[in-house]
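Please study the sequence and the structure shown below before working through the exercises. Each exercise consists of a task and a solution in steps.

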Amino acid sequence: MSQCADNAARGKPLYEMFNAVPPRYDLVNHVLTLGLDKCWRLAAARECLSLRPKRVLDLCCGTGDLAINISQLSDTGIDVQGFDYSQPMLDIAAAKAKAAGKEIPFTRGEAAAMPFADRYFDCVGISFAFRNLIYKNPLAERHIAEVLRVLAPGGRFVIVETSQPEAGLVRKLFHLYLRAYVRNVGYWFSGNKGAYHYLSQSAARFYSPEKARDLLLAAGFSAVSYRPFLFGAVGIHVAVK
């Protein structure tokens, strides 16, 4: 659920609420997913490393778990960086990386204008924040264009995100879980009602795997694959530049 936003979002609810979430951010994530978010993030980290990249960006890194996982799993010296707009999130990420014995630079900025050179990264990973960059976001095209810009030719965009289960009954149960459990338990643990109302609503209304694939292809990626988890409630998209 790490979040990124553009400067245009400053002062608006989404930008402000995810600057307010950090104190119990990791705990709430683990409680809401029964700890499965760790497994899904590890799977995304392994996917990021599968072609042995030299430079990897954790986009909308939040508290840095994906970047730290990538650094821990790599058997070669690679350049792993984290990027997010929320300074409170980045402060936690830096402390966690230091505790893990990893030197990972974390940069604050906006996803629509990243401070990285063209074609710099071999892989860009994002964990549970892609939804916030593209779903009903007026800057969606700019966000994806920036990912394409900083990716080297042949580079991959690895996305782990909530999705829409194909089976109707499973989809209804997933949406009930989002409304009844995620919204209320997230609020109870964090004290931030707006953040977890947004989370439950956006996850319930997010794109199907097919629509997300079509969006990525239309934006300029050459191929997109998808691997579902938990009956399709979560999945990993891999888009190739």
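The exercises below concern a predicted model and treat its sheet and its salt bridges.

**Exercise 1.** Determine in what order the strands of the open sheet are arranged, and which strands stand at its edges.

*Solution.*
Step 1. The open sheet is formed by 7 strands, arranged in the order β3-β2-β1-β4-β5-β7-β6, and the pairing is mixed.
Step 2. The edges are occupied by β3 (106-108) and β6 (223-229); each has a single partner strand, so one side of each is left without a neighbour in the sheet.
Step 3. On average, neighbouring strands of this sheet are turned by 20 degrees against each other, direction ignored.

**Exercise 2.** Describe how β6 pairs with β7, and identify what packs on the sheet at β2 and β3.

*Solution.*
Step 1. The pairing of β6 with strand β7 (residues 234-240) is antiparallel and extends over 7 bridges.
Step 2. As an example, Ser-225 has Val-238 in β7 as its bridge partner.
Step 3. Helix α5 (residues 87-99) packs on the sheet, where it touches β2 (79-84) and β3. The direction of helix α5 makes about 170 degrees with that of β3.

**Exercise 3.** Explain which parts of the chain are tied together by the salt bridges of Asp-65 with Arg-41 and Lys-96.

*Solution.*
Step 1. The whole structure contains 10 salt bridges. In one of them, Asp-65 is joined to Arg-41, with the closest N and O atoms 3.9 Å apart.
Step 2. Asp-65 belongs to helix α4 (residues 65-73) and Arg-41 to helix α3 (residues 36-49), so this pair ties together parts 24 residues apart in sequence.
Step 3. Asp-65 also forms a salt bridge with Lys-96, at 2.6 Å from N to O. Lys-96 lies in helix α5, so this second pair links parts that are 31 residues apart in sequence.
Step 4. Buried means under 20% relative accessible area. Asp-65, at 18%, is therefore buried, and Arg-41, at 5%, is buried as well. Lys-96, at 23%, counts as partly exposed.

**Exercise 4.** Establish where the partners of the salt bridge between Arg-149 and Asp-118 lie, and whether each is buried, partly exposed or exposed.

*Solution.*
Step 1. The closest N and O atoms of Arg-149 and Asp-118 are 2.7 Å apart.
Step 2. Arg-149 lies in helix α7 (residues 140-150), and Asp-118 lies in the loop between β3 and β4 (121-127).
Step 3. With a relative accessible area of 23%, Arg-149 is partly exposed, whereas Asp-118, at 52%, is exposed.

**Exercise 5.** State which residues are joined with Asp-65 into one network by salt bridges that share partners.

*Solution.* The network joins Asp-37, Arg-41, Asp-65 and Lys-96.

Key
Residues numbered from 1 in each chain as written. Predicted model: local features only at pLDDT ≥ 70, side-chain atom pairs only at ≥ 80, totals over all residues. Heavy atoms only, no water. Pairing = 2+ DSSP bridges. Helix = DSSP H or I, 4+ residues; strand = E, 2+ residues; numbered from the N terminus. Axes fitted to C-alpha atoms, helices over the stretch in contact; angles between N-to-C directions. Contact = heavy atoms within 4.5 Å. Salt bridge = Lys/Arg side-chain N within 4 Å of Asp/Glu carboxyl O. Buried < 20%, exposed > 50% of the residue type's maximum accessible area, 1.4 Å probe, protein only.
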